[in-house]
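Got the model open in your viewer? Here is a short tour, one selection at a time.

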Amino acid sequence: MARENGEKTTAAAGGESKSSGETVESREWYMAAYSPQGIPTSDHLKLRNVSITLNSLPAGHVLAQTLWLSVDPFLRSMMSGTVDGLYLPQVDLGQVVKTFGIAKVVKSGDENYREGDVFLNPFQPVAEYAVLPANPALLRKIDVTGQISPLDYLSCLGVAGFAAWLGIVLLGDPKPGTNVFISAAGGGVGMVAGQLAKLRGCAVIGSTGSDQKVQLIKDEFGYDDAFNYNKEADFDVALTKYFPNGIDLYLDNVGGTMLEAVLNHVNSHAKVILCGMMSQYNKGWKEREGVRNLLNIVGKEVTMKGFMELSYMNHFGDFSKEMECHIVQGKIRTKHKIYHGIESFLESLESVFLSINDGKVVLQLV
């Protein structure tokens, strides 16, 4: 896939342009044009060179080198130029894309951070180096030499894991024996969600996009069964086969025709937790697939609830504590698809929507 470099710029660490002094060369992805429909391409996201001047690093800031970045489907909804659906703020044109990431302090202008400290940042620029405010509430230091892998901080302890925990544990709250269905089961959210449901004694079935992923989630993530949605001509027929006793809890990651089919198979008082709708992100709202059987929600007295992680940050501490215990005890397993180098960001983002990855997509820069 072709990559296009933008113009080279020189900026001071404090934001004022300068052309002299000790510098660090960096590359960063910025929003060149919005993508109302389809997967963003190099027409929309561009890579540019930047020189960061070190001699003016302001107090209360750090210069950080990005180590890993989380690549997630929700990023797409910030690149359309239209605020709808997830209602996330759009990346301003000309501005750098940001995502959940891990970085290392190269130079510090704050007493709370020392050179070599490694931290999590929910708003890490998609850049090799960046100057950041040294805010302890955002830049949370982590020990990458401990029992927890740095990659786990971006998967089961990151955006994807928190979404899975909220959907299954907090909002779904299934009891032993509950029939649980999870779509996009081989992705970052699905692989964790299925294991959390199994830890609660549920019967768990997932849908995913290949025979290889079907085997993966059964063998490695403990799903009781699964099916390849690309091989199913009729989702209603498939769900009749896999859920002869109906669905009690559905964690929806795809929306569209799968959501419609599920509503034909829900039990009375079932819960449908809307985590995301990957099948609809690349479409304008008028082209998205409507759900025609919403009346089933009334007749079956179904609870359907969407959620945004930022609204539940008061639960993040409980989530982290529980998930860290599961990881240390070997109760939660993870798998990552790693792309390498800053230049691979666009490719990694595209891959999220093509169902070609096993597990959580991560971009490794160092």
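Start where domain 1 meets domain 2: about 1900 Å² is buried between them, and carbon and sulfur atoms give 56% of that area. (Buried area here is the accessible area, with a 1.4 Å probe, that two parts lose on being put together, summed over both.) On the domain 1 side, pick out Lys335, Ser355 and Asp358, which lose the most area to domain 2, together 25% of what that side buries.

This is a predicted model, where local features need pLDDT of at least 70 and side-chain atom pairs count only at pLDDT 80 or more, while totals for chains, interfaces and linings use all residues. Residues are numbered from 1 along each chain as its sequence is written, and side-chain values use heavy atoms, with hydrogens and water left out.

Now colour the two domains: domain 1 is 9-155 + 335-364, and domain 2 is 159-310. These bounds come from an automatic or database domain assignment. Their C-alpha centres lie 30 Å apart. Across the boundary, 23 residues of domain 1 are in contact (heavy atoms within 4.5 Å) with 23 residues of domain 2. Look for polar links and you'll get seven residue pairs in polar contact, both at pLDDT 80 or more. (That's a pair of N or O atoms within 3.5 Å; within protein, one must be able to donate a hydrogen and the other to accept it, and residues adjacent in sequence count only if both atoms are side-chain atoms.)

Next, select Ile102, Ile168, Ile182, Leu196 and Met323, the residues with the most contacts inside the largest nonpolar core, which has 52 residues. Such a core is a set of buried (under 20% relative accessible area, 1.4 Å probe, protein chains only) Ala, Val, Leu, Ile, Met, Phe, Trp, Tyr and Cys residues joined through side-chain atoms within 4.5 Å. Helix α2 (residues 159-172) gives the most to this core, 10 residues. (Helices, H or I, are DSSP runs of at least four residues, strands, E, of at least two, numbered from the N terminus.) Both domains give residues to the core, so it lies between them.

Zoom in on Ile182: leaving aside neighbours within four places in sequence, its contacts include Ile168, Val204, Tyr223 and Leu251. A second, separate core of 24 residues includes Leu45, Val91, Ile342 and Phe345.

Last stop: Ser51, in strand β3 (residues 45-53). Is Ser51 buried or exposed? Ser51 is buried, with a relative accessible area of 3%. Show side chains there and you'll find a polar contact of 2.8 Å between Ser51 and Glu25.

Technical notes: Buried < 20%, exposed > 50% of the residue type's maximum accessible area, 1.4 Å probe, protein only.
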